[in-house]
2 protein chains.
Amino acid sequence: MTSIANSVRCETFSFREVARDGAARAGELQLTHGTVQTPIFMPVGTVGTVKAMRPDELASQVEAQIILGNTYHLYLRPGLDVVRAHGGLHKMMGWDRPILTDSGGYQVFSLKDLRKIREEGVEFQDHISGSYHLFTPEKVIEIQETLGSDIMMAFDECPPAGADEHYMRESMARTTRWEKRCLEARTRTDCALFGIGQGGTSEKLRREHLEELGPLPFEGMAIGGLSVGEETQAMYDTVEFTTPMMPDEKPKYLMGVGKPEDLVECIARGIDMFDCVIPTRNARNGQCFTSRGVVVVRNAVHKEDLRPLDPDCDCYTCRNFTRAYLRHLLKSGEMLGPQLCTLHNLRYFLTLVGQAREAIVEGRFEAFRKRFHELQAEGGSR
Amino acid sequence: MTSIANSVRCETFSFREVARDGAARAGELQLTHGTVQTPIFMPVGTVGTVKAMRPDELASQVEAQIILGNTYHLYLRPGLDVVRAHGGLHKMMGWDRPILTDSGGYQVFSLKDLRKIREEGVEFQDHISGSYHLFTPEKVIEIQETLGSDIMMAFDECPPAGADEHYMRESMARTTRWEKRCLEARTRTDCALFGIGQGGTSEKLRREHLEELGPLPFEGMAIGGLSVGEETQAMYDTVEFTTPMMPDEKPKYLMGVGKPEDLVECIARGIDMFDCVIPTRNARNGQCFTSRGVVVVRNAVHKEDLRPLDPDCDCYTCRNFTRAYLRHLLKSGEMLGPQLCTLHNLRYFLTLVGQAREAIVEGRFEAFRKRFHELQAEGGSR
């Protein structure tokens with residue numbers, strides 16, 4: 001086992017598996033700001049707000065248990081001084097439940113021509129002012145500890161889809177060195193730290209990387225580098241052969257995924273945690289996810305459609321508003337349209353993972369999965 | 001008294017004066033969808049949504065008692081077929097408290113080059129598709145009855161500021177004929193109908209018009225044609241000499257006004273009802289109204305300002321968020337910024353009229369008014 005100079009560990013963290021049904025499992029994650037029932041979906045709150053949602057709505061109506069913040073964006077705006085003045089991200093944004101933050105790696109690598117990778121870290125020009133910055137493993141841990149994240153993510157490189165094996169190996173080796181430096185840089189005993197395994201869709205590379213990362217004292221482990229353009233089936237296959245390589249006593253987090261069917265299929269393959277911008281971003285364009293498939297509520301077919309978005313949904317939107325009214329709001333550019341569609345989409349995602357968990361606990365996950373796909377096919381894309 | 005062929009009256013409507021303090025008065029307005037305590041401010045919900053607000057927030061957190069909808073906008077979008085399919089505006093927008101709708105006159109006359117005034121009504125091209133439409137007194141009553149408004153407004157011409165006396169007299173005479181046709185066109189006994197007096201800032205013209213309109217069987221009377229560019233003092237003076245000309249047993253509504261100080265000053269002059277886009281529109285630009293004056297929360301001075309918008313406010317925004325966070329949201333273009341600022345501004349307006357009412361009932365309105373202005377001056381514009 002690789003030795004890590006620093007012995008700081010998260011003292012408030014624990015994870016236990018509650019039930020297992022096939023490869024799917026239900027768990028309970030204890031974090032500084034509360035308990036999370038897994039499998040769980042984490043709404044994305046990039047700059048300290050889940051777009052269009054009040055935090056109290058998010059808690060009491062979406063029943064979100066944990067949300068995600070983006071280190072890169074928060075570092076730039078409002079900046080660490082402002083977050084520090086508030087006493088951390090939770091207090092600044094009025095959210096007292098757990099927060100996971102990414103490491104900023106994904107955003108920084110997306111800058112392509114504006115960044116330079118060195119052993120020390122990544123130098124980049126930001127997308128707002130064009131100023132120069134250096135993100136190192138030590139720096140991103142310092143930022144995330146300032147944010148006060150319940151779960152910090154290690155600094156990794158997310159290689160572009162289709163990178164060759166030579167580049168992948170070099171990148172993964174550097175990522176391993178960076179992730180060890182993250183472990184060594186941590187100082188807070190109330191912030192957990194998750195490692196991130198790379199390796200694209202290659203079983204061999206995934207195994208190599210996880211053999212290195214698995215023994216390290218991370219509180220959880222993530223699959224990075226998926227949902228970057230590969231075929232859906234390749235993503236499912238990769239998840240299927242990767243989850244058994246991950247430490248079973250730790251939560252398994254699939255980063256940046258996905259649509260409702262992706263959640264169900266990856267829960268079936270052993271994933272505990274998800275995050276994705278899809279429910280919030282698509283809601284703003286009027287693309288709504290329901291138990292009967294996708295409803296594109298802007299479409300003319302809904303002009304006088306008096307049905308709710310989803311007959312099976314208990315959210316405020318579905319209890320009070322018709323598709324015709326939602327269409328009107330979106331067509332008129334009224335903020336309430338994105339607000340109501342976001343509320344519904346997030347509630348649907350949280351309901352879905354909650355139902356999956358219940359099915360796992362009750363040993364009927366396969367029946368749940370089958371019924372889910374049947375109902376999705378029933379509606380079709382409208 | 002002018003005879004009106006039609007004897008349809010609103011059977012669900014009543015108004016009673018509860019207390020009077022100087023010219024200021026407190027009242028109670030009974031409407032089809034509930035009771036309204038006056039003086040009252042009505043948030044504007046142009047196309048069937050008070051911008052950025054959920055109707056349940058508006059009811060339980062802003063404590064709005066009645067809102068305003070715009071006939072012109074709703075007629076164009078979503079259109080009457082859609083509203084009718086829902087069974088009226090209340091059901092479509094999920095708002096079960098009273099709604100007042102304007103007659104569309106103001107919007108139609110604002111189209112300037114795109115409209116032609118005839119005795120029959122106004123022909124215009126709409127601002128969305130450029131199609132031709134004809135609004136007549138009969139048509140706007142039909143539209144408002146389809147919307148199912150608790151209070152409909154009569155069809156009037158709002159003459160441009162600075163129109164000469166000759167034009168004013170012609171316009172007012174035509175408006176009187178139109179308003180009588182509105183009374184004759186009504187068919188529903190659960191929709192009240194208010195008349196609108198014009199006359200610019202001329203005491204003589206205001207008197208002439210109200211002498212004609214006053215005896216007509218409207219349930220309430222409005223002052224139109226103010227807040228169209230005249231000096232604030234001229235507006236106050238006009239309100240002061242006009243309210244005594246209005247029937248005392250009916251509510252007195254000042255259309256399109258105003259800022260917090262305008263509300264206080266016009267309550268002092270006998271006004272019972274107000275509506276204005278200022279609290280909602282300005283909120284979206286980060287201009288917030290508080291008990292200590294205006295706070296422009298986008299300003300750099302609030303970058304690390306940990307204070308709430310208003311130390312005296314009990315709204316969700318003021319209880320949970322700092323000015324620094326609100327500034328961050330607005331600067332980042334996040335929807336939550338307008339949402340939270342709108343919630344605060346509306347709550348502040350509703351709190352203000354509620355406090356004014358309490359002061360009137362307790363016979364200490366002058367002290368309230370004095371203290372209001374002192375506190376406003378304390379903060380100043382920041």
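## Chain contacts and local geometry

User: How many salt bridges does the rule find across the interface of chain B and chain A?

Analyst: Keep in mind that this is a predicted model. Side chains of opposite charge can pair when their charged atoms come close. One pair to look up is A:Arg54 with B:Glu57, whose N and O atoms sit 2.3 Å apart. For the interface of chain B and chain A, the count of salt bridges is four.

User: How many residue pairs are in polar contact between chain B and chain A, and which helices of chain B each supply at least two residues of the touching side?

Analyst: With both residues at pLDDT 80 or more, 18 residue pairs are in polar contact between chain B and chain A. On the chain B side, the elements supplying at least two residues each are helix 1 (55–60), helix 3 (80–86), helix 4 (89–93), helix 13 (323–331) and helix 14 (336–361).

User: How do the residues on the side of chain B that touches chain A divide by type?

Analyst: Start with how many take part: 40 residues of chain B contact 40 residues of chain A. The chain B side then splits into 20 nonpolar, nine polar and 11 charged.

User: Which three residues supply more of the area that chain B buries against chain A than any other three?

Analyst: Together, chain B and chain A bury about 3,500 Å², with 57% of that on carbon and sulfur atoms. Of the share that chain B buries, 19% comes from one trio: B:Arg54, B:His328 and B:Met335.

User: Moving inside chain A, how far apart are the centres of domain 1 and domain 2?

Analyst: Chain A breaks into domain 1 (4–275) and domain 2 (283–379). Their contact draws 35 residues from domain 1 of chain A and 27 residues from domain 2 of chain A. Taken over C-alpha atoms, the separation of the two centres is 27 Å.

User: Which three residues lead the area that domain 1 of chain A buries against domain 2 of chain A?

Analyst: The two domains of chain A bury about 2,500 Å² between them, and 73% of it is on carbon and sulfur atoms. The trio that supplies 23% of domain 1's buried area, more than any other three residues, is A:Asp21, A:Pro260 and A:Val264.

User: How close are the N and O atoms in the salt bridge of A:Glu265 with A:Arg369?

Analyst: Between domain 1 of chain A and domain 2 of chain A, the count is one salt bridge. For A:Glu265 and A:Arg369, the closest N and O atoms are apart by 2.7 Å.

User: Which element gives the most residues to the side of domain 1 of chain A that touches domain 2 of chain A?

Analyst: Eight residue pairs, both at pLDDT 80 or more, make polar contacts between these domains of chain A. Elements giving two or more residues to the domain 1 side include strand 1 (14–21), helix 1 (55–60) and helix 10 (260–267) of chain A. The top contributor, with six residues, is helix 10 of chain A.

User: Why does the salt bridge of A:Arg16 and A:Glu28 tie together parts that are apart in sequence, and how many residues apart are they?

Analyst: Over all chains, a search of the whole structure finds 70 salt bridges. In this one, the side chains of A:Arg16 and A:Glu28 meet at 4.0 Å, N to O. A:Arg16 belongs to strand 1 of chain A and A:Glu28 to strand 2 of chain A, so the parts being tied are apart by 12 residues.

User: Which backbone nitrogen does the side chain of B:Asp21 reach?

Analyst: B:Asp21 sits in strand 1 (residues 14–21) of chain B. Leaving out residues up to four places away in sequence, B:Asp21 touches several residues, among them B:Ala359, B:Gly363 and B:Phe365. At 3.2 Å, the backbone nitrogen reached by the B:Asp21 side chain is that of B:Arg364.

User: Where is A:Pro78 found?

Analyst: Most residues other than glycine have a negative phi, and most peptide bonds are trans. The bond from A:Arg77 to A:Pro78, though, is cis, with omega near 10 degrees. As for its place, A:Pro78 is in the loop between helix 2 (71–76) and helix 3 (80–86) of chain A.

User: What is the phi of B:Ala52?

Analyst: B:Ala52 lies in the loop between strand 4 and helix 1 of chain B. B:Ala52 is not a glycine, yet its phi is positive, at about 75 degrees.

Definitions and conventions. Residues are numbered from 1 along each chain as its sequence is written. Chains are lettered from A and ligands numbered from 1 in the order in which they are written. Side-chain values use heavy atoms; hydrogens and water are left out. Domain bounds come from an automatic or database domain assignment. Contact means heavy atoms within 4.5 Å. Buried area is the accessible area (1.4 Å probe) that two parts lose on being put together, summed over both. A polar contact is a pair of N or O atoms within 3.5 Å; within protein, one must be able to donate a hydrogen and the other to accept it, and residues adjacent in sequence count only if both atoms are side-chain atoms. Helices (H or I, at least four residues) and strands (E, at least two) are DSSP runs, numbered from the N terminus. Ala, Val, Leu, Ile, Met, Phe, Trp, Tyr, Cys and Pro count as nonpolar, Asp, Glu, Lys and Arg as charged, and the others, Gly among them, as polar.
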